[in-house]
Amino acid sequence: MVAVVAQENVVALVSRTGRELQRYRKGRRQVVGCIPYRFKIGQKTSLDVSDELEVLVISSQKGKGMLFPKGGWELDESKKEAALRETIEEAGVRGIVGGKLGKWSFKSKTHDTFYEGYMFPLLVQEQLEFWPEQKVRQRVWMSVTEARDVCQHWWMKEALDRLVNRLAGQKVGRDNKQVLGSIINCTRDAKSDL
């Protein structure tokens, strides 16, 4: 029996390496990454979106710190494609990549050079059992507060704050639509009683 597998369901078990295809702008290496997130399952006990949210952090290969998946943006991919690839390679998750959270300039801790980093939110839809860097990285789901405490990069913490604010704004928008819909329905019901 032969199984046919769609290409989007196949994950290479080897990470891309080397910097020959990576993008640079004004001498700065271009890196992209994602903040993988999901919503907790169960009773909502708070109006604060950060209490409903879990984010996935990974261990650094070079140190003891934790961070969000990120890596070089290569010439043959868009920013979002690179961010998703890096997230699959380093964290073993995939999902829906949202709009850019921002752009940061920062100095590399290991190289005496500046980088430009772009971060995106990734609503996780699938957590892979096998992924390229599973033998060299740990992945841990944690609360926003815990992630902020353990994340080793200031710019990633800022990206996390932007994600929480964005999701809180979306929640407020949804809640306002629900309230407005209820008011309209109540008004219609009151008019029909006349």
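User: In this predicted model, what makes the side chains of strand S7 (residues 102-107) an alternating set?

Analyst: Gly102, Trp104 and Phe106 point to one face of strand S7 and are buried, while Lys103, Ser105 and Lys107 point to the other and are not. In a regular strand the side chains alternate between the two faces of the sheet.

User: How do you know that S7 and strand S8 (residues 114-127) pair?

Analyst: Pairing requires at least two bridges between the strands. S7 and S8 are joined by 6 bridges and run antiparallel, so the requirement is met. One of the residues involved is Trp104, whose bridge partner in S8 is Gly117. A hairpin through 6 residues links S7 to S8.

User: Why is Val150 called partly exposed?

Analyst: Partly exposed covers the range between the buried limit, under 20%, and the exposed limit, over 50%. Val150 has a relative accessibility of 34%, and therefore counts as partly exposed. Val150 belongs to helix H3 (residues 144-150).

User: Which residues does Val150 touch, not counting residues up to four places away in sequence?

Analyst: Val150 touches Met66 and Met142. In addition, the C-alpha atoms of Val150 and Gly65 are separated by 6.9 Å, although these residues are 85 residues apart along the chain.

User: Which residues of the largest nonpolar core touch the most other members?

Analyst: They are Ile35, Phe68, Met119 and Leu160, in a core of 40 residues. Helix H4 (residues 154-192) supplies the largest share of this core, 7 residues. Leaving aside neighbours within four places in sequence, Leu160 is in contact with Ile35, Val55, Phe68, Val144, Ala147 and Arg148.

Definitions and conventions
Residues numbered from 1 in each chain as written. Predicted model: local features only at pLDDT ≥ 70, side-chain atom pairs only at ≥ 80, totals over all residues. Heavy atoms only, no water. Helix = DSSP H or I, 4+ residues; strand = E, 2+ residues; numbered from the N terminus. Buried < 20%, exposed > 50% of the residue type's maximum accessible area, 1.4 Å probe, protein only. Contact = heavy atoms within 4.5 Å. Core = buried A, V, L, I, M, F, W, Y, C linked by side-chain atoms within 4.5 Å.
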